[in-house]
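Here's a quick tour of some helices and sheets, with the cut-offs spelled out along the way. Have the viewer open and follow along.

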Amino acid sequence: MAEIKLDNLIKAYGKVEVLHHIEGDIHDGEFIVIVGPSGCGKSTLLRMVAGLETITSGTISIGGKVVNKLEPADRDIAMVFQNYALYPHMTVYENMAYGLKIRKIPKDEIKRRVEEAADILEIREYLDRRPRQLSGGQRQRVAMGRAIVREPSVFLFDEPLSNLDAKLRVQMRLEIRKLQKRLGVTSIYVTHDQVEAMTLGDRLMVLNGGYVEQFGTPIELYQKPASLFVAGFIGSPSMNFMDADISNGVATLANGAKLKLSSKFNGPATLGIRPEHLVADDKGAIKVTVDMLEQLGANTLVHGILDGTQTSFVVSLDGIQVAETGSNQTFYAEKDSFHLFDKETGKRIVE
Amino acid sequence: MIENRPILTVFTHIIMILGVALIALPIWITFVAASHDEIRMLQAPIPMLPGSHFVENFKQALFGAGLSGDQTPVWRMLLNSLAMALMISFGKISISLISAFAIVYFKFPFRMGFFWMIFITLMLPVEVRILPTFEVVANLGMLNSYWGLSIPLIASATATFMFRQVFLTIPDEMLESARIDGAGPMRFFWDILLPLSRTNIAALFVILFIFGWNQYLWPLLITTDTDMTTIVMSIKQMLESAEQSPQWNIIMMTALLAMLPPILVVVGMQKLFVQGLTETDK
Ligand SMILES: Nc1ncnc2c1ncn2[C@@H]1O[C@H](COP(=O)(O)OP(=O)(O)O)[C@@H](O)[C@H]1O
Ligand SMILES: [Mg+2]
């Protein structure tokens, strides 16, 4: 059993607080992804769990035990670093065995574990090589292997795929996912890539400027983003936002267009709509002046400006579509597909 | 640069051959002189081709009474020099490794203060502080001992500074990885830092060995016992102390023998040495 509990965590460097009141319960065997823009404190949070950074205040418990004061080696965790941090002077075998050797695990047991991990990761033929004789993808596997042989109760990953090329990244992503399901080890994975986050995580913790914006499943984040930040961060291309005045289930845009909503909220708000929830419709109320088309084959992205405003707008249409630059197009969206956010706080408006 | 012009090739070769000749000629003369008997060496012109007394001179220099009867045999002086050079190199390397380790990896009060203190000693080589150092060594009763020969030369800011730079190039994740693996500080030092600095240690060893081997002023000052004479000192003394005209054949043989260990060290460690000076990736 290794559930992780983050309780009112704060991290400050000197007077500068970089993580504020982080709360989170991670269940046994869950794959959690911490996602957010660069510099938001993802690595810091992960390294606090690992024991590589001190905790300014609050507690971290792993498996019901408070680990604030424990050395990394005593927290029953294994970590995969972005640059892999393999020991260059040791062979792949020695790299994987090093932690076990220090733990004084018997030689034949070490051998068994290393070979088992090597088989899972298909790196058995490289066991005698040095890290510098391996490709990036192979080093990545060795780093994973080093984590697996420890048989820890928690895996920690800090952007482990960002040094790989795009294709390999997709492949390794799937493998990490399968491996984690197979081993059933609680995992925390840090990335700035929202696609990676959406595909990997059972649940996502979205961090922004040291605050948790939302902590939920990928579907929850997509369907019910808790804030403007999450709404804009999750999904690609990102959500369109416009200012609106809402009364009696009707939103009036800055250009006077009226849209039907299912919300009972009244007053000014920021209205959000995802590009893929719009359809071309001659009678639609959303009028867009087309700037540019992006043909992706399966769909077409229409970039433009909301008519009569300065708000840029993106629509994703199915299949291959044509439209003149500078022409006006009208679009329609179901009333349930709109999102409402508070103008001041940026929080989702819920009734 | 790849050039393919015959004239240039010839020209560069001539320059190189001249350079080699310039360096090789004195060594050749040393070798030739070491292979003639005493009488031949006193006649003009000096010979340019090897004679037949090489083995004889070799035996006399190495094991015999050397020059004038009361001299220490050369093997003894070689041993003294070797002991001094090795103690200096090992001492310098271990002390600098340990102090660089402390400065880079431990946070203790006045850390940078200590670093600068070590750094400032760069300005105080033995020659500058020779009188007080002599006083200290004399008071500690280390005159005429290997300790006296080597300890005052061991402290080294240069090497500390070099190892600090080497350690700084090792990514932090390496340390963190080791911490997660459960390696304590000393284990990290032995298992990770030392192997990663191997080539730098080798390069430094070559430089320091030659530095130690070539020491002249300091050994001259603190050794009075002829049993403690080092080889570099002795060559000078052989020239001066001779009452009759100098025995060139023996002196040159001694010089040859004095050159040998540094050459062996350089040749033996060449591969590591070059790696240590050029390797950048960790
Ligand atoms: N050792 C440190 N000293 C001071 N500030 C730091 C230190 N490490 C990180 N920070 C700051 O903490 C914030 C979060 O950093 P980090 O966790 O590395 O971000 P991320 O991994 O999300 O890109 C950044 O603003 C960074 O400048
Ligand atoms: Mg980071």
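Start with a single pair: A:Ile286 sits opposite A:Phe331 in S19(A). That match belongs to strand S16 (residues 286-295) of chain A and strand S19 (residues 328-332) of chain A, which pair in the antiparallel sense over four bridges. Two strands count as paired if DSSP finds at least two bridges between them, and helices (H or I, at least four residues) and strands (E, at least two) are DSSP runs, numbered from the N terminus.

Before going further: this is a predicted model, where local features need pLDDT of at least 70, side-chain atom pairs count only at pLDDT 80 or more, and totals for chains, interfaces and linings use all residues. Residues are numbered from 1 along each chain as its sequence is written, chains are lettered from A and ligands numbered from 1 in the order in which they are written, and side-chain values use heavy atoms, with hydrogens and water left out.

**Two open sheets in chain A**

Both are open sheets of five strands with antiparallel pairing.

| Strand order (chain A) | Edge strands |
|---|---|
| S15-S19-S16-S17-S18 | S15 (279-280) and S18 (312-318) |
| S13-S12-S11-S14-S20 | S13 (258-260) and S20 (339-341) |

In the S13-S12-S11-S14-S20 sheet, the twist averages 40° from one strand to the next. Strand S12 (residues 250-253) of chain A pairs with S13(A) in the antiparallel sense over three bridges, and A:Val250 has A:Lys260 as its bridge partner in S13(A).

**Helix H5 of chain A**

Which residues of H5(A) are buried (under 20% relative accessible area, 1.4 Å probe, protein chains only)? They are A:Met172, A:Arg173, A:Ile176, A:Arg177, A:Leu179 and A:Gln180. They cover an arc of only 165° around the axis (taken from the directions from the helix axis to the C-beta atoms), so they lie on the same side of H5(A). On the other side, A:Lys167, A:Leu174, A:Lys178 and A:Arg182 are exposed (over 50%). After the helix comes A:Gly184, with a positive phi near 65°.

**A helix pair in chain B**

Helix H5 (residues 111-120) of chain B and helix H8 (residues 157-169) of chain B pack at about 135°, with axes 8 Å apart. Axes are lines fitted to C-alpha atoms, for helices over the stretch in contact, and angles run from 0 to 180 degrees between N-to-C directions. H5(B) and H8(B) are therefore oblique to each other, since angles under 35 degrees count as roughly parallel, over 145 as roughly antiparallel, 65 to 115 as roughly perpendicular and the rest as oblique. Residues in contact (heavy atoms within 4.5 Å) include B:Phe115 of H5(B) and B:Phe161 of H8(B).
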